[in-house]
Amino acid sequence: MPTSGYPSSASHSLLLRLPNELLGLVMRFSSTPDLLSLCLTSRLMYGIASRALYRIVCICNEDQLGLFVESVTSALRYDQGSPFPFYLKAFIIQKHHLKLSDKLSPALDSLLPEFHNLQHLDLVLSDGGAHFTHMLAHATFPRLEVFRYCPQSENASSLAPFLNRHPTIAHIFLSDIHRDSLRHLDPVCLPNLRTYTGCRNYISALVGGCESVRQLAVYDISVYAIPALGALPALHTVVLLSLLGVDVPPIVEAIATHAPHIRNLSFQRIKESAPYAGLSQDEIQQIARSLEKFPHLAELEFPAPDEDESVEIDATQDPETIKLWSQACRSLRSISLNGKCWLIK
């Protein structure tokens with residue numbers, strides 16, 4: 001099949017007179033039903049449309065995953081030179097509560113290494129039965145940029161080597177939603193890593209080999225994990241995601257001590273987290289003293305209370321709080337507090 005020029009000089013169809021590259025670009029923005037229809041029109045359209053159709057695969061249930069594994073396995077069985085594995089750029093499991101069967105889990109694990117051109121791989125599953133041990137041990141994706149995964153103790157020895165085989169990774173998410181989650185990660189070297197989201201237990205693994213990290217979003221941070229932030233010189237944004245609630249002043253003080261170079265600091269609550277009770281006057285004063293240590297901090301954000309929460313927050317003193325904090329840290333340009341954003345001139 002030609003890859004450029006006029007694919008069919010014999011046909012009078014205007015569509016078939018367009019270069020294949022242009023057809024492929026248009027099909028990237030076509031809907032799935034339209035792509036399926038194009039696949040049925042001709043061999044030429046099938047060859048181009050199938051690339052767009054399977055460029056991004058999003059799995060929402062086990063039936064979809066079963067059909068995907070079956071079709072790809074069948075294609076590889078009958079044609080070992082099939083270009084299908086090279087089409088896939090992103091494989092995403094959208095439903096994190098999806099439970100894989102004992103048959104489907106190893107089948108997917110053995111199939112994933114075939115997709116050599118993957119750029120986005122999302123394997124976040126709350127079900128601890130899918131370990132992807134084979135993929136971690138053997139797969140190599142030369143263009144991988146985004147990796148999302150739930151580390152487990154069963155593959156403790158394979159995760160760090162897998163990451164180190166993929167220096168192209170720029171964004172990583174490592175969750176600890178399993179009870180048997182991996183509590184320690186060996187050092188990793190990801191020179192292109194820009195953002196890390198996930199468990200606090202793995203921050204120390206980034207020290208020394210991930211100096212380009214610019215943003216951290218960490219669940220339930222503790223003061224014991226914060227010293228590692230000082231070894232990330234490019235870090236400018238720290239987002240603290242809380243499920244259980246945190247004692248804010250000690251966290252701010254620890255960050256001011258170990259990572260005063262950051263520019264954005266955000267405390268955020270996530271779904272089903274503990275109710276937010278606001279800050280006491282004593283806590284506000286403690287935070288003000290810590291803010292004096294930040295020479296470049298530009299944005300400071302605290303969570304907004306939920307509308308249906310039973311805890312009532314007195315915001316009448318917020319203007320005084322904003323004035324106090326902005327005087328303590330002259331570089332501040334915006335402060336979000338109790339659902340309101342204050343711009344500082």
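Let's start with one residue: Val26 counts as exposed, with 51% relative accessibility (exposed means over 50% relative accessible area, buried under 20%, and partly exposed in between, using a 1.4 Å probe and protein chains only). You'll find Val26 in helix H2, residues 20–27 (helices are DSSP runs of H or I with at least four residues, strands are runs of E with at least two, and both are numbered from the N terminus). Val26 also has company: together with Leu22, Leu25 and Phe29 it forms a nonpolar patch on the surface, with about 430 Å² of accessible area for the group. Patches are made of residues with over 30% relative accessible area and no salt bridge, where nonpolar side chains (Val, Leu, Ile, Met, Phe, Trp, Tyr) are joined within 5 Å and like charges within 9 Å. The areas come from the Shrake-Rupley method with a 1.4 Å probe, and for residues only the protein chains shown count as cover.

A quick word on what you're looking at. This is a predicted model, in which local features need pLDDT of at least 70 and side-chain atom pairs count only at pLDDT 80 or more, while totals for chains, interfaces and linings use all residues. Residues are numbered from 1 along each chain as its sequence is written, and side-chain values use heavy atoms, with hydrogens and water left out.

Now zoom out. The protein chain has 12 helices and 12 strands. Of its 345 residues, 46% count as buried. Its accessible surface comes to about 17,700 Å², and 53% of that belongs to carbon and sulfur atoms. Look at the contacts too (heavy atoms within 4.5 Å): among those with a separation of 6 or more, 62% are between residues 24 or more positions apart.

Helix H11, residues 281–291, is a nice place to see burial at work. Its buried residues are Ile284, Ile287, Ala288, Ser290 and Leu291. They sit on the same side of H11, because they cover an arc of only 160° around the axis (the arc is that of the directions from the helix axis to the C-beta atoms). Here's the general idea: an α-helix has 3.6 residues a turn, so residues three or four places apart point the same way. And what do the buried residues of H11 pack against? Their partners are helix H10 (248–258), strand E10 (299–301) and helix H12 (318–328).

Follow that trail to H10. Buried here are Val248, Pro249, Ile251, Val252, Ala254, Ile255 and Ala256. These pack against strand E8 (237–242), E9 and H11. Between strand E9 (264–269) and H11 runs a loop, and Ile270 is in it. Ile270 is partly exposed, at 25% relative accessible area. Its C-alpha atom is 9.6 Å from that of Pro303, a residue 33 positions away along the chain.

Next come the charges. Side chains of opposite charge can pair when their charged atoms come close. How many salt bridges are there? The count is two, where a salt bridge is a side-chain nitrogen of Lys or Arg within 4 Å of a carboxyl oxygen of Asp or Glu. One of them joins Lys293 and Glu253, at 2.4 Å from N to O. Lys293 lies in the loop between H11 and E10 and Glu253 in helix H10, so this pair ties together parts that are 40 residues apart in sequence. Lys293 is partly exposed at 40% relative accessibility, and Glu253 is partly exposed at 27%.

Arg148 and Asp122 make a salt bridge as well, with their closest N and O atoms 2.9 Å apart. This pair links distant parts of the chain, 26 residues apart: Arg148 in strand E4 (residues 146–149) and Asp122 in strand E3 (residues 120–123). Arg148 is partly exposed, with 22% relative accessible area, whereas Asp122 is buried, with 5%.

What about disulfides? The structure holds zero of them (a disulfide is a pair of cysteine sulfur atoms within 2.5 Å). Why does Cys60 have no bond? The closest cysteine sulfur, in Cys58, is 6.9 Å from the sulfur of Cys60, which is too far. For Cys189 the closest cysteine sulfur is in Cys210, at 6.6 Å, again too far for a bond.

Finally, check the backbone at Asp220. Its phi is near 45°, a positive value in a residue other than glycine. Asp220 is in the loop between strand E7 (215–219) and E8, and counts as buried at 15% relative accessibility.
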